Amino acid sequence: MKPVLTVKIGSLVLPNPVGVASGCFGYGQEYAELIDLDSLGALYTKAVTLQPRAGNPPPRLVETPQGLINSIGLANPGLTAFISDKLPALARLRCPVIVNVAGSTQDEYAAVVEGIEEALATRPAAPRGGVDGFEINVSCPNVDHGGMSFGTDPSTVEHLTASLRKRTSLPLIVKLSPNVTDIAEIARAAEAGGADALSCINTLVGMSIDTERCSPYLPRGTGGLSGPAIRPIGVACVWKVAKAVSIPVIGLGGIRCGRDAIEYLLAGASAVQVGTALFADPRIPDLVLSSIVEWMEAKSVASVGDIRMMLRI
Ligand SMILES: Cc1cc2nc3c(=O)[nH]c(=O)nc-3n(C[C@H](O)[C@H](O)[C@H](O)COP(=O)(O)O)c2cc1C
């Protein structure tokens, strides 16, 4: 019997557990020539802010052993251009689309969610709206205002989540930062605010210095470390968070192959996302999914949701 791959996130059913992470897949069309977008478990867009953002000055990326440090600074076209230029193509996709939302103030997050809700309500009869949920980025380490500073304070997380909850009935996923003392406390705050799920984790603050120039590679000094180096941290965060809340947890950080994803699922994740690995090979989500299926068949696991119950500790 084929294993059941669907995953429920609030009212949304993902066709399979493997999605692509925000900021590593643009708004989808960038990859449309390379892979079948409809085979994705979910497409998490690049962050959308109220106003367009040019992002941080280059260089914005530096490679490290087993990782990548980025300082993109939430570069994006802004809400209006997202609705006019990106949403129509997203609406033609069959895979679930989750819009990643960021802002410098709580009002800005609210305005983005409201703006997208309004656009969905007024769109002419498209096959579907083009947005199936929101991922709230309270964990970006590369901006001066908002971003990670929101995600490190439990009362701010609860307040922001509750305020967005009132503005949408679509699934609300809060994306957590690992740059905190107790991630479980932040997770509980998001759940108390009405989140349907949590994404876990965003990047860790990292720094790399050019010893010839005696200067950091990134103009801001620090950036967000992603890739294989952070996987054990991501798995530990998912394990702690999954024990602390009763809503689904979506695991990410350093996933490159099926085994990496299965670690997250065993730790308690209901689904996963592939980020940095996409830059090396956009086919990785598909390979990760086939490898999860193979593993489930070999172990006679009936459903993805059963994997977390298999962890022996
Ligand atoms: C270049 C780049 C841009 C990113 N942009 C965003 C973003 O806009 N919003 C967000 O929530 N996360 C963003 N992230 C974080 C990723 O979605 C992910 O949480 C992180 O990279 C860990 O996963 P990975 O190791 O598989 O890349 C970005 C990551 C990278 C590498």
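The following dialogue discusses how to read selected features of a predicted model with a bound ligand.

Biologist: Where does the ligand sit in this model?

Modeller: A ligand is first placed relative to the pockets of the protein. Here, the ligand occupies the largest pocket. A total of 23 residues surround the ligand, and the closest are Ser22, Lys175, Gly227, Gly254 and Thr276.

Biologist: How many residues of the shell around the ligand are nonpolar, polar and charged?

Modeller: The composition of a shell is read by sorting its residues into classes. In this shell, 13 residues are polar, eight are nonpolar and two are charged.

Biologist: Which polar atoms of the protein lie by an oxygen atom of the ligand?

Modeller: One reads such pairs by asking whether the protein atom belongs to a side chain or to the backbone. At Asn100, a polar side-chain atom is 2.9 Å from an oxygen atom of the ligand. At Gly254, a polar backbone atom is 2.7 Å from an oxygen atom of the ligand. The protein also covers 97% of the 600 Å² of accessible area that the ligand has on its own.

Biologist: What lies 3.2 Å from a nitrogen atom of the ligand?

Modeller: An N or O atom in the side chain of Asn137 lies at that distance from the nitrogen atom.

Biologist: Thr276 was listed among the closest residues to the ligand. Is Thr276 buried or exposed?

Modeller: Exposure is read from the relative accessible area, with two cut-offs: under 20% is buried and over 50% is exposed. Thr276 has a relative accessible area of 22% and is therefore partly exposed. Its place in the fold is the loop between strand S16 (271–274) and helix H8 (277–280). Sequence separation and spatial separation may then be read together. Thr276 and Ile201 are 75 residues apart in sequence, and their C-alpha atoms are 13 Å apart in space.

Biologist: Which residues may be examined in the loop between S4 and S5?

Modeller: Lys46 and Pro59 are both placed in that loop. Thr49 is there as well, between strand S4 (42–44) and strand S5 (61–64). With a relative accessible area of 14%, Lys46 falls under 20% and so counts as buried. Thr49 is likewise buried, at 1%. The side chain of Thr49 also makes a polar contact of 2.7 Å with the side chain of Asn76.

Biologist: How far is Lys46 from Met207, C-alpha to C-alpha?

Modeller: The two C-alpha atoms are separated by 23 Å, while the residues are 161 apart along the chain.

Biologist: What is the peptide bond from Pro58 to Pro59, cis or trans?

Modeller: The peptide bond is described by its omega angle. From Pro58 to Pro59, omega is near -5 degrees and the bond is cis. Pro59 belongs to the loop between S4 and S5.

Biologist: Which residues other than glycine have a positive phi?

Modeller: Backbone angles are read residue by residue, together with the location in the fold. Leu74 is one example, with phi near 60 degrees. Ser300 is another, with phi near 55 degrees. Leu74 lies in the loop between strand S6 (67–70) and helix H1 (79–91), whereas Ser300 is in the segment after helix H9 (284–298).

Biologist: Are Leu74 and Ser300 buried or exposed?

Modeller: The same cut-offs apply. Leu74 has a relative accessible area of 6% and is therefore buried. Ser300 has 67%, which is over 50%, so Ser300 is exposed.

Biologist: Where are Asp260 and Trp239 located?

Modeller: Residues within helices are read in the same manner, by element and then by exposure. Asp260 is part of helix H7 (residues 258–267) and is buried, with a relative accessible area of 6%. Trp239 is part of helix H6 (residues 231–244). Because its relative accessibility is 31%, Trp239 counts as partly exposed.

Biologist: What distances separate Asp260 from Gly223 and Trp239 from Ser84?

Modeller: Each pair is described by a sequence separation and a C-alpha distance. Asp260 and Gly223 are 37 residues apart along the chain, with their C-alpha atoms separated by 24 Å. For Trp239 and Ser84, the corresponding values are 155 residues and 40 Å.

Methods: Residues are numbered from 1 along each chain as its sequence is written. This is a predicted model: local features need pLDDT of at least 70, side-chain atom pairs count only at pLDDT 80 or more; totals for chains, interfaces and linings use all residues. Side-chain values use heavy atoms; hydrogens and water are left out. A residue is near a molecule or strand if one of its heavy atoms lies within 4 Å of it. A polar contact is a pair of N or O atoms within 3.5 Å; within protein, one must be able to donate a hydrogen and the other to accept it, and residues adjacent in sequence count only if both atoms are side-chain atoms. Accessible areas come from the Shrake-Rupley method with a 1.4 Å probe; for residues, only the protein chains shown count as cover. On a 1 Å grid over the protein atoms alone, a cavity is a set of points where a 1.4 Å probe fits but cannot get out, and a pocket is an open set with protein on both sides within 12 Å along at least five of seven lines; lining residues have an atom within 4 Å of a point. A molecule sits in a cavity or pocket if more than half of its atoms lie within 2 Å of its grid points. Ala, Val, Leu, Ile, Met, Phe, Trp, Tyr, Cys and Pro count as nonpolar, Asp, Glu, Lys and Arg as charged, and the others, Gly among them, as polar. Helices (H or I, at least four residues) and strands (E, at least two) are DSSP runs, numbered from the N terminus. Buried means under 20% relative accessible area, exposed over 50%, partly exposed in between (1.4 Å probe, protein chains only).
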